[in-house]
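Q: Please pick one part of this molecule and take me through it slowly. I work at the bench, so I would like to know what sits there and what it touches.

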Amino acid sequence: MHSERGSILPIGIAGVALSLAISLIFLELIGIQIQTLRNKQVSDVLSLKIASDLRKDQIAPITGLDYSPVARPLLEVAARQLRIRPSTVSVKSVDSKTIECIVCSTWESVTGLRLNNFGQVCASSKARAVS
């Protein structure tokens with residue numbers, strides 16, 4: 001029988017490094033989900049506001065018309081409250097009945113890792129303007 005001598009330190013270091021890497025990945029995924037939720041809240045507010053204004057005025061939405069300039073003041077307030085910086089906002093109707101809002105923002109790392117302009121996080125909402 002041969003004598004086995006050595007240290008388990010390398011296995012311990014590898015285990016800790018692997019655990020740290022997996023933890024950082026899950027932390028970033030949770031951060032993306034939180035950013036998506038914030039974008040979703042802003043898009044919900046914008047689509048509901050435009051749909052309720054059109055319903056109140058009894059005006060059918062115009063297909064393809066961008067309503068985002070009308071929603072700009074509300075967008076600024078909602079974005080400030082939720083601490084997001086929207087890069088792209090689109091509020092349109094594609095079927096003359098429903099208002100669809102898409103809010104995108106540049107991905108922001110939770111851990112502080114900066115990967116330049118790695119991607120965008122987007123969320124969309126729909127609200128019925130005509131019954």
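A: A helix here is a DSSP run of H or I at least four residues long, and helices are numbered from the N terminus. With that in hand, let's look at helix α1 in this predicted model. Helix α1 covers residues 9-56, and Ile25 has its place there.

Start at the surface. Ile25 joins Leu18, Ile22, Phe26 and Leu29 in a nonpolar surface patch of about 500 Å².

Next comes the largest pocket, with about 170 Å³ of space. Helix α1 gives the largest share of its lining, 4 residues. The full set of lining residues is Gly31, Ile34, Gln35, Arg38, Arg83, Ile84, Ser105, Glu108, Ser109 and Val110. By character, that lining divides into 3 nonpolar, 4 polar and 3 charged residues.

One of the lining residues, Ser105, leads us to strand β2, which spans residues 98-106 and pairs in the antiparallel sense with strand β1 (residues 86-93) over 7 bridges. Within this pairing, Thr88 has Cys104 of β2 as its bridge partner. The hairpin of β1 and β2 has 4 residues between the strands, and Ser96 takes a positive phi near 65 degrees in it.

Back on helix α1, there is a salt bridge to find: Lys49 and Asp53 form it, with their closest N and O atoms 3.2 Å apart. The two residues are 4 apart along α1, about one turn of the helix. The total for the model is 4 salt bridges.

Methods: Residues numbered from 1 in each chain as written. Predicted model: local features only at pLDDT ≥ 70, side-chain atom pairs only at ≥ 80, totals over all residues. Heavy atoms only, no water. Patch = residues over 30% accessible without salt bridge, like charges linked within 9 Å, V, L, I, M, F, W, Y side chains within 5 Å. Areas by Shrake-Rupley, 256 points an atom, 1.4 Å probe, with all protein chains shown as cover. Salt bridge = Lys/Arg side-chain N within 4 Å of Asp/Glu carboxyl O. 1 Å grid on protein atoms, 1.4 Å probe; cavity = no way out; pocket = protein on both sides within 12 Å on 5 of 7 lines; lining within 4 Å. Points joined across faces, edges and corners; volume = space filled by probe spheres on them. Nonpolar A, V, L, I, M, F, W, Y, C, P; charged D, E, K, R; others polar. Pairing = 2+ DSSP bridges.
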